[in-house]
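User: Hi! Could you walk me through this one with me? I'd like to get a feel for the fold and the charged pairs.

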Amino acid sequence: MPKNKGKGGKNRKRGKNEADDEKRELIFKEDGQEYAQVLRMLGNGRCEAMCIDGTKRLCHIRGKMHKKVWIAAGDIVLVGLRDYQDDKADVILKYMSDEARLLKAYGELPENTRLNEGIVGDLDEDDDNNVDDYVEFEDEDIDRI
């Protein structure tokens, strides 16, 4: 049987997520960068995103983020534009939900941009509209069942 030459297994590669709790500085776009909202994930480290300038681009998730920062549809990301390909871009940074709200408050994102606030907010709106969601049985109906 061959001797192990590595420095550990799968858990060592995963590492610890200690940096998630820390607040990081809000990063604004620079020249050659644009804000975008992910439309759908395509697999193989790629996604389709609608940039704030109105262009739909095929975005490549950079290797530093690949399998470390999970991106889903609806997330706000910072993409680096390519000089030689206008229809493709590279994902540089994923904004957390509170950072995306701050960008919208600062006027960096347009007002019509829908941020993923989570499923909980959507359920509260549905509860107000649909009051009669339950079925009421009488004693006779229960006996028949």
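User: Let's jump straight in: which residues of α2 are buried?

Analyst: Happy to! This is a predicted model, and in it the buried residues of α2 are Glu99, Ala100 and Leu103.

User: Where do they sit around the axis of α2?

Analyst: On the same side of α2, because they cover an arc of only 100° around the axis. In general, an α-helix has 3.6 residues a turn, so residues three or four places apart point the same way.

User: And what covers those buried residues?

Analyst: The cover includes strands β1 (33-43), β4 and β5.

User: Is Leu102 buried or exposed?

Analyst: In between: Leu102, which belongs to helix α2 (residues 97-105), has a relative accessible area of 39% and so counts as partly exposed. Together with Phe28 and Tyr106, Leu102 forms a nonpolar patch on the surface, and the three have about 310 Å² of accessible area together.

User: What happens just after α2?

Analyst: Gly107 is found there, with a positive phi of about 85°.

User: Let me zoom out. How many helices and strands are there, and in what order do they run?

Analyst: The protein chain has 4 helices and 5 strands. Starting from the N terminus, the order is α-β-β-β-β-β-α-α-α.

User: How much of the chain is buried?

Analyst: Of its 145 residues, 24% count as buried. The accessible surface is about 11,800 Å², and carbon and sulfur atoms hold 47% of that.

User: What about contacts between residues 24 or more positions apart?

Analyst: They account for 51% of the contacts with a separation of 6 or more.

User: What does the confidence look like, as mean pLDDT?

Analyst: The mean pLDDT of the chain is 80, with 72% of the residues at 70 or more. Over residues 118-127, though, the pLDDT is below 50, and that stretch has 0 contacts in the model beyond near neighbours in sequence.

User: Good to know, I'll keep that stretch in mind. On to charges: how many salt bridges do you count?

Analyst: The count comes to 7 salt bridges. As a general point, side chains of opposite charge can pair when their charged atoms come close.

User: Which residue does Asp75 pair with?

Analyst: Asp75 forms a salt bridge with Lys94, and their closest N and O atoms are 3.7 Å apart. This pair links distant parts of the chain, 19 residues apart: Asp75 lies in the loop between β3 (56-61) and β4 (76-81), while Lys94 is in strand β5 (residues 88-94).

User: Are those two buried or exposed?

Analyst: Asp75 and Lys94 are both buried.

User: What about Arg40, which partner does it meet?

Analyst: The Arg40 side chain meets that of Glu48 in a salt bridge, at 3.3 Å from N to O. Arg40 is partly exposed, since its relative accessibility is 47%. Glu48, with a relative accessible area of 18%, is buried, because the cut-off for that is under 20%.

User: Where does Asp90 come in, and what does it meet?

Analyst: The side chain of Asp90 meets that of Arg82 in a salt bridge, 2.8 Å from N to O. At 26% relative accessibility, Asp90 counts as partly exposed.

User: Last one: which residues are linked in a network of salt bridges?

Analyst: Asp53, Arg57 and Asp86 are linked that way.

Notes:
Residues numbered from 1 in each chain as written. Heavy atoms only, no water. Helix = DSSP H or I, 4+ residues; strand = E, 2+ residues; numbered from the N terminus. Buried < 20%, exposed > 50% of the residue type's maximum accessible area, 1.4 Å probe, protein only. Contact = heavy atoms within 4.5 Å. Areas by Shrake-Rupley, 256 points an atom, 1.4 Å probe, with all protein chains shown as cover. Patch = residues over 30% accessible without salt bridge, like charges linked within 9 Å, V, L, I, M, F, W, Y side chains within 5 Å. Salt bridge = Lys/Arg side-chain N within 4 Å of Asp/Glu carboxyl O. pLDDT = per-residue confidence, 0-100. Arc of directions from axis to C-beta.
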